[in-house]
Structures are given as structure tokens and as C-alpha cells.
Amino acid sequence: MILVTGGAGFIGANFVLDWLAAHDEPVLNLDKLTYAGNLENLASLANDKRHVFVQGDIGDRALMDALLTKHQPRAVVNFAAESHVDRSIHGPEDFIQTNIVGTFHLLEAVRGYFGKLEGAAKTNFRFLHVSTDEVYGSLAPNEPCFTEKHQYEPNSPYSASKAASDHLVRAYHHTYGLPVLTTNCSNNYGPYHFPEKLIPLMIVNALAGKNLPIYGDGQQIRDWLYVKDHASAIRRVLEAGKPGETYNVGGWNEKPNVEIVNTICKLLNELQPRADGKSYAEQITYVTDRAGHDRRYAIDASKIEKELGWKPAETFESGIQKTVAWYLSHADWVANVQNGSYREWVNKQYAN
Ligand code: NAD
Ligand code: DAU
């Protein structure tokens, strides 16, 4: 079996669903269930014996030791993290605690476990750390995309905490010989994306008749990847990646934020027109920029394509169409995540 951490969040849940659709190998899913963790994302696995869920913290050394000893996973895939840049600006502490200290405790538990493995179990064991392109900082308009050799220049408390975790993972390979793999992926989108992030926020706000808040001039560029393509990349890296290596994952889909929002409005105009016949784009509002806002991210995915033969299945056009359709057909999921703490966050972040 494999141990997945953070498997009740957006990408983790998509990965677990994707894994069990492709394999019979069981998944032990360890998640703290913060505001971002949601067991509803895994509801389709309720009667599936291949999925075992444990609520807990990657920083709980005793729990991690016990789970590793009991379940003897052949791999650990670490998604667990605080993931939202704006929340890291309001309050960095949880990011330091989970992304740095938590990853350290998890690595220590895995090092202890790995040290006791023998033979094929030892040779085949892998620790895969899921990271982000934000560790590389911001690109100027004509600079080449981030390769794995690009220097780390994190700019937000979130990206700094992820960079620190990447360095720890690297050090555990170099110093202790832990067979680690690190993936640095661009912006994901798709089903179960929590509506604090750009794409789901714009869809749910548009449908609720609310403002569509674009930070600054809306010309910041992100490189978008459909979440199921990220899941397939992680499966491939786990299967064939070389221990100690890092792999950049991206969809070659650089787009300015304002274009993303207009595309969503256009799709909604077709699929669920406003009662007054006007475009959802009328709801666009330009708001104060994010502090320290990175201007451009772009991933060079040549290494994973050439060395491991991975390619995304979706274009941005097909992926965003599926995503908007998913939100239109999952109104209950959307209503359930917009609870009190969600409303508190939205009021705090968008009050002005
Ligand atoms: P998310 O916030 O939706 O989910 C994070 C999950 O981790 C939640 O289920 C949460 O309950 C859990 N968690 C948080 N702290 C924990 C702890 N201490 N112990 C155990 N579980 C804990 O995040 P996501 O968007 O699914 O991102 C998953 C991973 O992928 C993160 O490491 C993130 O940095 C990375 N990543 C995200 C993106 C993206 O676009 N969302 C892109 C590249 C990389
Ligand atoms: O690049 C990978 C990263 O992508 C991941 O590591 C992070 O976990 C993930 O949250 C995401 O970070 P971003 O900051 O790029 O994503 P977010 O959806 O928050 O914002 C995308 C862009 O949209 C960014 O330029 C800020 C802008 N934005 C965002 C929100 C929430 C707005 O203009 N308005 C908004 O209300």
C-alpha cells in the first residue's frame, strides 16, 4: 500500500480517486482535516476497502511512527500543507508549522521506518514530496520558463515555507540516503478546488451574483494544469522517477488572470445565462493587489516529458470546460464548503 498525506484536500483527493481508479493497491490517507480538508471529496470511496482514512497531523511523530510500522507502506506521497498564498500573508505561522516543522517530523518518522526496511522493500521504497513552482519566484515577461535548475527565490511566506520543505527533503536524500522524489507543479484547477482560489472563487461568485475580484491590473500570469494531469504525473514519477531528482510539472498554459476570468464568464454565459441576459463579465471588479504579488510563473516540463514520457491529457480549453460543468453540477458540494469559517475568510480578505 501507499501512504498519502493531505489526501482530503483538493489535489490529494483527486490523486487518491485517480490512484484507486487505476490500481488495486490500497491507500492509507492521513489528513488533519483543516478548513481545506473535506471528506466529502472522498465520498465515492465510502464503501471501498482499499481506502483507509486516518485523521491526524504529519507533525505528530508518534502517530506517524505507529502508522508506518503498522501499515508498512512501500511509498509515502506528501501533499499535506497549508496552500493558500493570501492566508499566508494574513497569518504565516500555520505555514511554518505544517510546511516546515510538519515536513521535518514526517521525514524523521520516514527515516526511522526506512532504516529498518530490508531487501526489496528497502530498494523499492520512495518518499515523494509534492511541491510548487512558486519556490522559483517570479519571471519577467521574456524570461525562459522555470527548469529544475532555476534558483530558488520564494517571495511569499507560503512559497518560502514550501522552499524550506524542499530543502529538507533534498538534505534527507543527500545526508541519509532517503530515496526521495520532488515534484514542482504549476497552478492546478478542476473538481473539488476550494473556492478561496482564483478559478473556483470566480465560478461560485459569478453564480451567486457577487463581484469577481481581480487583484491589481489582472495581468499576472499563471501556468494552468488540470488536476487529473497532475495526479497522472505524480503516478509516473513514483513509478519511474530517479531518487534524489526533482521534476517540474506543467501544462504549457500560460495565461493572464483577466483572461481566465473572462473565459469562465463566457462559459457560464453559454451554460447558465444570467436572468437579465447580461454577461457575467459585468461582475468583474478590480481590487487592491496582493502584497508581494508574483508577476509570472511558467514551467518548462521538458524533463518529465523526455525522461518519463509524461504528457498532460487536457488542454486548457477542455479542462476549464470540464471544471465549470463540474461546479454547475455540484451545487451541494459548493454550499457545504461555504460554511461559517469560509464566510469569515471571504469577509476578511475582500472587505475593502
Ligand atoms: P489544499 O489546501 O486543498 O489541501 C491540503 C490538505 O492538507 C488538506 O486536506 C488539509 O487538511 C491537509 N493538511 C494541512 N495541514 C496538515 C497537517 N499538518 N497534517 C496533515 N494534513 C494536513 O491544498 P492543495 O491545493 O490540494 O495542495 C496540495 C499540495 O500540492 C500542497 O503541498 C501544495 O503546496 C502543492 N501544490 C499545490 C498546487 C495548486 O495549484 N493547488 C500547485 C502545486 C503544488
Ligand atoms: O503556482 C502553484 C501555486 O498555485 C500553488 O503552489 C498554490 O498552493 C496555489 O494556491 C496557487 O497559488 P496562486 O497564488 O497562484 O493561486 P490563486 O488561485 O490564489 O491565485 C491565482 C492568481 O489569481 C494570482 O495571480 C492571484 C490572482 N487572484 C486570486 C484570487 C483568490 C485574484 O486576482 N483574485 C482573487 O480573488
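**View 1. Y192 sits in the loop between β7 and α7**. Helices here are DSSP runs of H or I with at least four residues, strands are E runs of at least two, and both are numbered from the N terminus. The odd thing about Y192 is its backbone: phi is positive, about 65°, although the residue is not a glycine. With a relative accessibility of 16%, Y192 counts as buried (buried is under 20% relative accessible area, exposed is over 50%, partly exposed is in between, with a 1.4 Å probe and protein chains only).

A note for every view: this is a predicted model, in which local features need pLDDT of at least 70 and side-chain atom pairs count only at pLDDT 80 or more, while totals for chains, interfaces and linings use all residues. Residues are numbered from 1 along each chain as its sequence is written, chains are lettered from A and ligands numbered from 1 in the order in which they are written, and side-chain values use heavy atoms, with hydrogens and water left out.

**View 2. Aromatic rings pair up, and there are 19 such pairs in the whole structure**. Rings of Phe, Tyr and Trp (its six-membered ring) pair if their centres lie within 6.5 Å; planes under 30 degrees apart are stacked, over 60 edge-to-face, and the rest tilted. One of the pairs is F114 with F125, a tilted one at 5.9 Å centre to centre and 40° between the planes. F114 belongs to helix α4 (residues 93–116) and F125 to the loop between α5 (119–124) and β5 (126–132), so this pair ties together parts 11 residues apart in sequence. F114 is buried at 11% relative accessibility, and F125 is buried too, at 0%. Y192 and W326 make an edge-to-face pair, 4.9 Å centre to centre with 65° between the planes. That pair links distant parts of the chain: W326 is in helix α11 (residues 316–328), 134 residues away from Y192. Y192 and W326 are both buried. Elsewhere, ring pairs join Y189, W224, Y226 and F316 into a cluster.

**View 3. R111 of helix α4 lies over the face of Y176**. The distance from R111 to the ring centre is 3.9 Å (a charge sits over a ring if NZ of Lys or CZ of Arg is within 6 Å of the ring centre and within 35 degrees of the ring normal). R87 does likewise with Y35, at 3.6 Å from the ring centre. R111 is partly exposed, with 30% relative accessible area. Leaving aside neighbours within four places in sequence, R111 touches Y172, Y176 and L178 (contact means heavy atoms within 4.5 Å). G177 is 66 residues from R111 in sequence, yet their C-alpha atoms are 9.0 Å apart.

**View 4. Helix α4 packs against helix α6 (residues 157–176)**. Their axes are 8 Å apart and the packing angle is about 15°, which makes α4 roughly parallel to α6. Axes are lines fitted to C-alpha atoms, for helices over the stretch in contact, with angles from 0 to 180 degrees between N-to-C directions; under 35 degrees counts as roughly parallel, over 145 as roughly antiparallel, 65 to 115 as roughly perpendicular, and the rest as oblique. α4 passes α6 in a right-handed crossing. Residues making the contact include F95, I96, N99 and R111 of α4 and Y158, S161, Y172 and Y176 of α6. A crossing is right-handed if the near helix is turned clockwise from the far one by less than a right angle, and left-handed if anticlockwise.

**View 5. Helix α2 (residues 61–71) crosses α4 at roughly 35°**. The two axes come within 9 Å, and this crossing is right-handed. On the α2 side, R61, M64, D65 and L68 make the contact; from α4 come H105, L106, E108, A109, V110 and Y113. Q72 is in the loop between α2 and β4 (75–78). Its phi is near 50°, a positive value in a residue other than glycine, and Q72 is partly exposed at 44% relative accessible area.

**View 6. F127 lies in strand β5 and is buried**. Its relative accessible area is 0%. Outside its neighbours within four places in sequence, F127 contacts V76, N78, L106, L107, V110, V169, L178, P179, V180 and L181. A75 is 52 residues away along the chain from F127, with 5.7 Å between their C-alpha atoms.

**View 7. K303 lies in helix α10 (residues 302–308)**. This lysine counts as buried, at 15% relative accessibility. Setting aside neighbours within four places in sequence, K303 is in contact with E148, E245, T246, Y247 and L308.
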